[in-house]
Amino acid sequence: MAKNLTCKILQAHLVEGELVAGQEIGIKIDHTLLQDATGTMAMLEFETLGLDSVKVELAAQYVDHNILQTDFKNADDHKYLQTAAARYGIYFSPAGNGVSHQVHMERFGVPGKIILGADSHTPGAAGISMLGIGAGGLDIAMAMAGHPYYMPCPKVLGVRLTGELPDWVSAKDVILEMLRRYDVKGCVGKVVEYYGPGVRSLSATDRETIGNMGTELGATSSIFPSDDNTRAYLKAQGRAASWIPLAADEGAQYDEYTEIDLSTLQPLIACPSSPGNVVPVREVAGIKAHQVIVGSSVNSSFRDLMVVAKIVEGRHRHPETSLHVNPGSRQVLENVAAQGGLMALLMAGARIHEPGCLGCIGMGQAPGTGEVSLRTMPRNFPGRSGTKGDQVYLCSPETVAAAALKGVITDPRDLGKEMPYPRIKDPEQYLIDEGSFIAPSPQSRTTEVIRGPNIKPLPDMDELPATLEAEVVLKVKDNISTDEIMPAGNKILPLRSNIEAISEFVFSPIDPNFHRECKERGTVAVIGGENYGQGSSREHASLAPRYLGVRVKIAKSFARIHKANLCNFGILPLVFENQGDYDAIQKGSKLVLRDVKKRIAEGAVEIPVEVDGRAITTRLEVSDRQRQHLLAGGALNYVRRTC
């Protein structure tokens, strides 16, 4: 039977289960990826397993999120990560070397491999035809220890591409078109596989843009075939030997289909405050743009920075619009400089920042009060920029450049009246910079792991009680993101290795008193709507609430990564059997889950819940493995008891 590419890769890595959509499978992981916002906790978790070294083919630790050093915390944590990486056999990429996704693609990506990353945008590995999957830090720690990664087997959405992108339209508009069609939860439980004749017109870094932001669809991952464009990219990176051809079989079947004629696309933009709130740029043209940013996690490649450089070359940004450039890697910046792009950007009034995530995670670059910011970044959740009530739009580098010059949101096609569209060709041979990497070695294995005062031990977690009683301390709407559950930003992220300290900020954008109420009430519950926990893979959005006493969350539906993280830390992820029961529960409601431990141990799916004395039915839709983790009070408890 003809197979699609996703099934081929999963089959080659399958160690448990069958490739039946919705059933749990265990897959072998080739590469693991950590970044500093998730890496400190993941390394602390890995250390509790008592191993001498990682057990995967390649493990890499990047410092790209918390690169601001406003006090000792980030600097200390970077030293911890560097020494722990040396001790356990992990590649270390220091601050300033670049964003994990861009750098891993440049130096380590191999077609057909599976990479598991403690960053939700790991599916950007699609640019190099790797199957990238985002997960919580504990899942990465387990993978580094040689354990399979478990997940529900995804469906595969086949997206047939035809035609070629017209002038002033680029890869960002392809993924924005997907978001226009599917919104932020339309691809939950799916891998998005792109194929067809239109794929030939997209470069490897174009594909990284589409795969990276495919996360905003709710997708498990995205994948492109490995073809001549993949080979050209690897050759330009000095890694031609890593290339292998990969594609779906002729006549391969998909669970779902759609088609995009690239030649019909127009410039698109995601309006505040959701990546799925997509409209044509022309519909919002004329709105004053106070700040524009190109780069960060996505659209930070050579091509994306150079197209902005060529558009603004010989011109200057509007006097009331700031222009920021966040290169994806040191190597990208060096190649842009070698081609004259850096001088063009500087002469146009751009601020050039060091390679890193920066404003994407609220680490600087926050817009002013009431200001509009246009960004090529993947997310614009409320307040994520660091400014309450922010007005962040997501768009292509071309649209960013047009706004930088005109001072208002502008359809970049209007620039065609003033200049030809600059089509950028990737270098046949990149300037290659591996000098900042610190590779593990036999000598480094004796390195002493250095821990600053902000690094605290993991909190103890008790097992599930026989009967669970909890008070509802918060009820939230649909599409609540992990940014709203556990915010990021330069004030909070440095506390990522100190659960007691960071827990004070749980749900702070929604209810600043949440942590106090939890401490006053003991065991508590949270009620959610659809797609609860979308966005980042950060496990702190589960771990910190658990520390505060949250033992159950009842929602209409959960985002994939967050649901797995809840199970990892012993929080029951229950879904309403009758979604109308959502309306009947309020803050202050008393919940009783009688004999819940016995029910879960016996494999019950239906879990009755008494709400202020009235009975409702919820469902616990988890695997047998996750049931054991929930019973034990968390995955680490279970692993310690069984190893």
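Two strands pair if DSSP finds at least two bridges between them. Helices (H or I, at least four residues) and strands (E, at least two) are DSSP runs, numbered from the N terminus. What you see above is a predicted model, where local features need pLDDT of at least 70, side-chain atom pairs count only at pLDDT 80 or more, and totals for chains, interfaces and linings use all residues. Residues are numbered from 1 along each chain as its sequence is written, and side-chain values use heavy atoms, with hydrogens and water left out.

I'll start with the strands. E3, residues 31-35, runs parallel to E4, and five bridges join them. One partnership to look for is Gln 35 with Tyr 62 of E4. Between E3 and E4 the chain passes through helix H2, residues 36-47, in a right-handed β-α-β crossover. Right-handed here means that, with the strands pointing away from the viewer, the path from the first strand over the helix to the second runs clockwise.

E4 also pairs with E5, residues 91-93, again in the parallel sense, over three bridges. Ala 60 has Tyr 91 as its bridge partner in E5. The way from E4 to E5 leads through helix H3, residues 72-88, and this β-α-β crossover is right-handed.

How many residues of E4 are buried? Five of the five, across residues 58-62; buried means under 20% relative accessible area, exposed over 50%, and partly exposed in between, with a 1.4 Å probe and protein chains only. Leu 58, Ala 60 and Tyr 62 make up one side, Ala 59 and Gln 61 the other, and both faces are covered.

Next, helix H13, residues 397-406. Nine of its ten residues are buried, among them Pro 397, Glu 398 and Leu 405. What covers these buried residues? The cover includes helices H9 (281-284) and H10 (302-312), and strands E15 (291-295), E16 (322-326) and E18 (372-375).

After H13 comes Gly 407, with a positive phi near 85°. Gly 407 sits in the loop between H13 and strand E20, residues 468-475. Gly 407 counts as buried because its relative accessible area is 1%. Leaving aside neighbours within four places in sequence, Gly 407 is in contact (heavy atoms within 4.5 Å) with Lys 288, Ala 289, His 318 and Thr 321. Its C-alpha atom is 9.5 Å from that of Val 292, and the two residues are 115 residues apart along the chain.

Another loop, between strands E13 (268-270) and E14 (278-280), holds Ser 273. Is Ser 273 buried or partly exposed? Ser 273 has 26% relative accessibility, so it counts as partly exposed. Apart from neighbours within four places in sequence, Ser 273 touches Asn 380, Phe 381, Pro 382 and Asp 390 by the contact rule. From Ser 273 to Gly 383 the C-alpha distance is 8.7 Å, with their positions 110 residues apart in sequence.

Thr 209 belongs to helix H7, residues 204-213. Thr 209 is classed as buried because its relative accessibility is 1%. Its contacts, neighbours within four places in sequence aside, are Ala 171, Lys 172, Val 298, Asn 299 and Asp 304.

Last, an exposed residue. Met 347 is in helix H12, residues 341-347, and it counts as exposed because its relative accessibility is 60%.
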